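Student: Could you pick out one part of this model for me and look at it closely? After that, I'd like to hear how some other parts compare with it.

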Amino acid sequence: MTPVESNRATAQPHITVMVPAYNEEKNIANTLHNIRGVLQQMSPYWDMVVVDDGSRDQTAQVVQSLVTDYQVTLVRFSRNFGKENAISAGLGYAKGDLVICMDADGQHASELMVTMLEKWREGYDMVYAVRQDREQESSFKLWGSRLFYRMMSASTHVDIPRDAGDFRLMNRAVVDALCALPERNRFMKGIYAWVGYKSIGIPYTPLPRLHGESAYSKLKLIALAWTGITSFSVLPLRLASLTGATLALLAFFYGTIVVIDALFFHESVPGWPTVVASMMFFAGVQLLFIGVLGEYLARVYDEVKGRPPYIVAEVIAPTTVRRQS
Ligand code: UDP
Ligand code: MG
């Protein structure tokens with residue numbers, strides 16, 4: 001155990017704040033400024049990592065100009081690889097005893113980091129912020145997230161905390177465990193929960209975005225949820241088997257009735273519309289579940305190809321490691 005870990009109550013841990021940023025030129029300077037303000041009160045030892053996830057605007061340039069003042073290591077992706085990958089990469093570059101992950105758009109209040117640090121001092125290894133504002137969200141997001149969590153809890157033994165996102169503090173042990181996971185489909189919500197460790201949630205209400213719009217459209221959210229479900233559970237495959245078995249059983253009974261009717265009561269089987277309708281129905285069900293199989297195959301394919309989940313084009317680090325106070 002490191003000296004910092006064995007003496008949590010009084011230790012002054014090195015804190016690294018890690019921020020994934022995609023097209024955040026208008027927000028990032030403000031966000032880093034707020035973070036620095038709070039960090040300075042928390043510990044004399046801190047730095048930041050910003051992962052520029054292939055922004056098309058001036059995000060990287062803005063961050064680059066702040067590298068020394070804010071002790072920022074700028075990690076630039078060669079293109080947009082998505083937030084999950086940006087976070088994975090950022091964790092690898094974060095060297096602190098504690099790592100805090102925050103959004104670049106100012107929605108995560110920096111002050112909450114103080115509470116997170118207190119919880120770590122109390123003995124928790126991971127402290128995640130839990131959103132409290134779900135009621136005000138659109139019914140699409142509200143019901144979508146409910147359905148998602150229900151499916152997840154029904155299908156995995158990993159207990160994924162509700163409404164907890166990437167805004168969280170992790171100690172070195174958790175970060176190392178996350179970095180050691182080899183998978184390429186990185187569904188972070190699931191992975192955080194999967195690694196375990198003593199964790200606790202603290203409530204927060206996200207602030208409004210400073211500028212711009214969320215990068216997550218409805219379609220992207222559905223895609224993310226689907227990745228989450230298929231990379232973390234085999235529920236869709238089980239559903240396929242179950243539906244297949246049920247339909248086969250029903251078809252068997254119906255077939256028996258038809259045969260008995262024809263043999264003993266000499267009733268001709270009525271009408272082709274029934275045949276056509278049922279054929280189309282069953283063909284539909286089959287195609288649907290072939291699609292589900294395909295999804296899993298695609299995941300396996302992705303993993304087997306062995307491509308890296310992201311490409312780092314450039315890393316710019318502060319040259320002078322200053323100890324701030
Ligand atoms: N983000 C990213 N890559 C992406 C999309 C988003 O790194 O492809 C970052 C974004 O800059 C922000 C965070 O992830 O810091 C959350 O994104 P956003 O605000 O768009 O999502 P929401 O707050 O709606 O979940
Ligand atoms: Mg946001």
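Tutor: Let's start with what a label like "α10" means: helices here are DSSP runs of H or I at least four residues long, and they are numbered from the N terminus. Keep in mind that you are looking at a predicted model. The protein chain has an average pLDDT of 86, and 97% of its residues score at least 70. For the model there are two further scores, an ipTM of 0.94 and a pTM of 0.77.

The part I'd pick is helix α10, which covers residues 235-264. How far apart should the ends of its 30 residues be? At 1.5 Å a residue they should span 44 Å, and the C-alpha atoms at the two ends are 43 Å apart, so the expected span and the one in the model agree. Remember that the expected span is 1.5 Å times one less than the number of residues, which is why you don't multiply by the full 30.

Now, how much of α10 is covered by the rest of the protein? Hardly any of it: among its 30 residues, the count of buried ones is zero. Leu263, which sits in this helix, shows what that looks like for a single residue. Leu263 has 9 C-beta neighbours inside 10 Å, so it counts as exposed, the cut-off for that being 12 or fewer. There's also a distance to look at here: Leu263 and Leu219 are 44 residues apart along the chain, and their C-alpha atoms are separated by 53 Å. Following α10 you'll find His266, which has a positive phi, near 50°.

His266 has some company in that respect. Asn23 has a positive phi near 50° too, and it is a residue other than glycine. You'll find Asn23 in the loop between β1 (15-21) and α2 (28-42). It counts as buried because it has 22 C-beta neighbours inside 10 Å. Tyr197 also has a positive phi, near 75°, and it belongs to the loop between α8 (188-195) and β7 (199-204). With 14 other C-beta atoms within 10 Å, Tyr197 is partly exposed.

For a contrast with α10, try the pair α6 (residues 139-155) and α9 (residues 218-232). Two packed helices are described by the angle between their axes and the distance between the axes. For α6 and α9 that angle is about 5°, and the axes are 11 Å apart. The two helices are therefore roughly parallel to each other. Where do they meet? On the α6 side you have Phe140, Gly144, Phe148, Met151 and Met152, and on the α9 side Lys218, Leu221, Ala225, Ile229 and Phe232. Thr156, in the loop between α6 and β6 (164-171), contacts Phe232 and Ser233, leaving aside neighbours within four places in sequence. Its C-alpha atom is 9.2 Å from that of Ile229, though the two are 73 residues apart in sequence. Thr156 counts as partly exposed, with 18 C-beta neighbours inside 10 Å.

Finally, go to the inside. The largest nonpolar core holds 58 residues, and those touching the most other members are Val17, Met18, Met48, Val50, Val99, Ile100 and Leu169. Met48 lies in strand β2 (residues 46-52). It has 28 C-beta neighbours inside 10 Å, so it counts as buried, the cut-off being 20 or more. Leaving aside neighbours within four places in sequence, Met48 contacts several residues, among them Val17, Leu32, Ile35 and Tyr70. Val17, with residues up to four places away not counted, touches Ile35, Leu39, Met48, Ile100 and Met102. So there's your contrast: Met48 counts as buried, while α10 has zero buried residues.

Technical notes. Residues numbered from 1 in each chain as written. Chains lettered and ligands numbered in written order. Predicted model: local features only at pLDDT ≥ 70, side-chain atom pairs only at ≥ 80, totals over all residues. Core = buried A, V, L, I, M, F, W, Y, C linked by C-beta atoms within 7 Å. Contact = placed C-beta atoms within 7 Å. pLDDT = per-residue confidence, 0-100. Axes fitted to C-alpha atoms, helices over the stretch in contact; angles between N-to-C directions. Parallel < 35°, antiparallel > 145°, perpendicular 65-115°, else oblique.
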